[in-house]
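Trainee: Got a minute to go through this one with me? I'd like to work through a few spots together.

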Amino acid sequence: MWIIILLLVSAFSIGGIVFLVKGFHKFSFINRLAGKHKRLSWAAAILPVVLIVVLTAVFLNIWATMIVLIHLFLFWAFAAVIGRLIRGKREMKHNFEGLAAILFTAAYLGTGWYLAHHVYRTSYTFSTSKDLGQDSLRVVGIADLHLGITLDGEEFAEQCERISSQKPDIVLVAGDFVDDDSNKADMVEACRALGSIKAKYGIYFTMGNHDKGYYSSRDFSIDDLSDELKKNNVTILEDESVLVNDSFYIVGRKDTSDSDRKPMKELVSGLDKSKFIITADHQPNDYDNEAGCTDLVFSGHTHGGHIFPAGYIGVLIGANDRAYGSENRDGTDFVVTSGISGWAIPFKTGTRSEYVVMDINHK
C-alpha cells in the first residue's frame with residue numbers, strides 16, 4: 001500500500017511542478033520578459049519552483065518538499081478555476097490567482113507547522129463501576145514521538161516536565177518513540193527524560209512499527225532502545241500484562257507488524273475481569289477483537305490524520321478503525337491520539353500534536 005501511495009504522491013508532485021512552472025510564467029513581469037527573451041522567461045518561471053524544491057529538501061526533507069508542492073499546486077488550481085468562473089473568457093491582466101495561492105499556501109502550511117511543533121493537552125473522562133483502588137485514576141498517554149522530527153531529546157524533556165505537572169498515576173507510551181532517522185544521543189536523552197516523569201505507578205511502553213526500524217542506517221538497535229528504557233525504569237510490555245497495586249491491569253500489545261502477535265482474547269484469558277484493564281496498542285485496527293475484552297484501549301499510529309484528508313482515507317480503506325478521538329464499543333473505551341509529533345512531515349494540517357490525559361472515575 002505504501003509503495004502505491006509513494007508512486008501516486010511522486011506522480012502528483014511531478015505534475016504539480018509542471019503546472020506551477022506554467023503558473024509562474026503567467027505573472028505579468030515574466031510575460032513582459034517573454035516578449036523579448038522567451039527562453040529567459042521560462043528560466044525565470046522555473047527558478048521559484050527550483051528554489052522551493054531545493055530549500056525544503058535541504059532544510060526539511062523530500063517528504064516535506066512533496067507536501068509543499070502538492071498543496072501549492074492544488075490551491076493554485078482551485079484559484080484558477082474560481083478565477084475563470086469570475087472573469088469568464090476575459091484575458092487575465094494580473095495573476096491574482098497565483099498570488100492568492102502562494103499567500104494561502106504559506107498561511108496554511110505555516111499554521112500546519114505551528115500545530116505540529118506546539119504540543120497541546122487533550123483530556124478525556126471515563127467512568128467505571130470496577131474498583132480502581134482509589135476514587136479516580138489518571139492515565140497520561142503519549143505516542144508517535146518519532147524522535148527528531150519536531151522534537152529532539154531536549155525538547156521532549158520539556159514536554160516530560162509538562163506531563164509530570166499533570167500528576168499522572170501511570171504513563172502509557174503507545175509506540176513509535178523513535179524513527180529510522182533518530183540518533184543514539186537523542187534516544188538516550190529522550191529515554192532519560194521519559195524516565196524522569198513522576199508517575200505514581202510507573203511508566204509503561206509498548207513498541208510501534210517504527211521502533212524496531214525499517215532500515216539499518218540508524219546508529220542504535222532495538223536492543224539499545226530497550227536497554228535505555230529499562231535503565232530509566234520504564235516497563236516494556238510486548239504481549240504482556242502486569243497487575244498494578246492489586247487494583248488494575250496494564251496490557252501492552254505487540255505491533256501488528258509482528259507476525260507472532262497474540263490475539264487479544266488470549267492476552268486477557270488469565271486476567272481477573274472484575275479488575276479494570278488498560279491496553280496500549282500502537283495501531284488502532286483491532287477494535288472488533290478488543291471490544292469487550294478490555295476496558296480502555298489507547299493507540300497512536302494515525303497521527304490524527306496528519307495531513308488532511310489522510311485520516312479519513314485510512315478509515316475508509318480499512319487501514320484503521322479510527323483516525324482520532326474516542327468512542328465506546330461493547331463497553332470498551334477507545335482513544336486514538338494524534339501523537340506528540342509525527343512521521344517525516346513537519347506539518348499537521350489534519351490535526352495537532354498532543355499528549356492525552358485520561359481520567360477514569362469510579363462511579
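Mentor: Sure. One term before we start: a contact here means heavy atoms within 4.5 Å. Keep in mind, too, that this is a predicted model.

Trainee: Okay, where does His146 lie, and is His146 buried or exposed?

Mentor: Look between strand 2 (136–142) and helix 6 (153–165): His146 lies in the loop there. Buried means under 20% relative accessible area. His146 comes in at 0%, so it counts as buried.

Trainee: Which residues does His146 touch, leaving out those up to four places away in sequence?

Mentor: One group of partners is Asp176, Phe177, Val178, Asp179 and Ser182, all touched by His146. The rest of the list is His210, His303, Gly342 and Trp343.

Trainee: How many disulfides does the structure hold?

Mentor: Take Cys160, which is in no disulfide, with the nearest cysteine sulfur in Cys191. The sulfur of Cys191 is 10 Å from that of Cys160, too far for a bond, because a disulfide needs the sulfur atoms within 2.5 Å. Both cysteines count as buried, Cys160 at 1% relative accessibility and Cys191 at 0%. For the structure, the number of disulfides is zero.

Trainee: What is the arrangement of helix 6 and helix 7 (residues 184–195)?

Mentor: Their axes are 8 Å apart, and the packing angle is about 10°. Angles under 35 degrees count as roughly parallel, so helix 6 to helix 7 is roughly parallel.

Trainee: And how do the residues of that contact divide into nonpolar, polar and charged?

Mentor: Helix 6 brings residues including Phe156 and Cys160, while helix 7 brings, among them, Asp186 and Arg192. The division comes out as six nonpolar, one polar and four charged.

Methods
Residues are numbered from 1 along each chain as its sequence is written. This is a predicted model: local features need pLDDT of at least 70, side-chain atom pairs count only at pLDDT 80 or more; totals for chains, interfaces and linings use all residues. Side-chain values use heavy atoms; hydrogens and water are left out. Helices (H or I, at least four residues) and strands (E, at least two) are DSSP runs, numbered from the N terminus. Buried means under 20% relative accessible area, exposed over 50%, partly exposed in between (1.4 Å probe, protein chains only). Axes are lines fitted to C-alpha atoms, for helices over the stretch in contact, and angles run from 0 to 180 degrees between N-to-C directions. Angles under 35 degrees count as roughly parallel, over 145 as roughly antiparallel, 65 to 115 as roughly perpendicular and the rest as oblique. Ala, Val, Leu, Ile, Met, Phe, Trp, Tyr, Cys and Pro count as nonpolar, Asp, Glu, Lys and Arg as charged, and the others, Gly among them, as polar.
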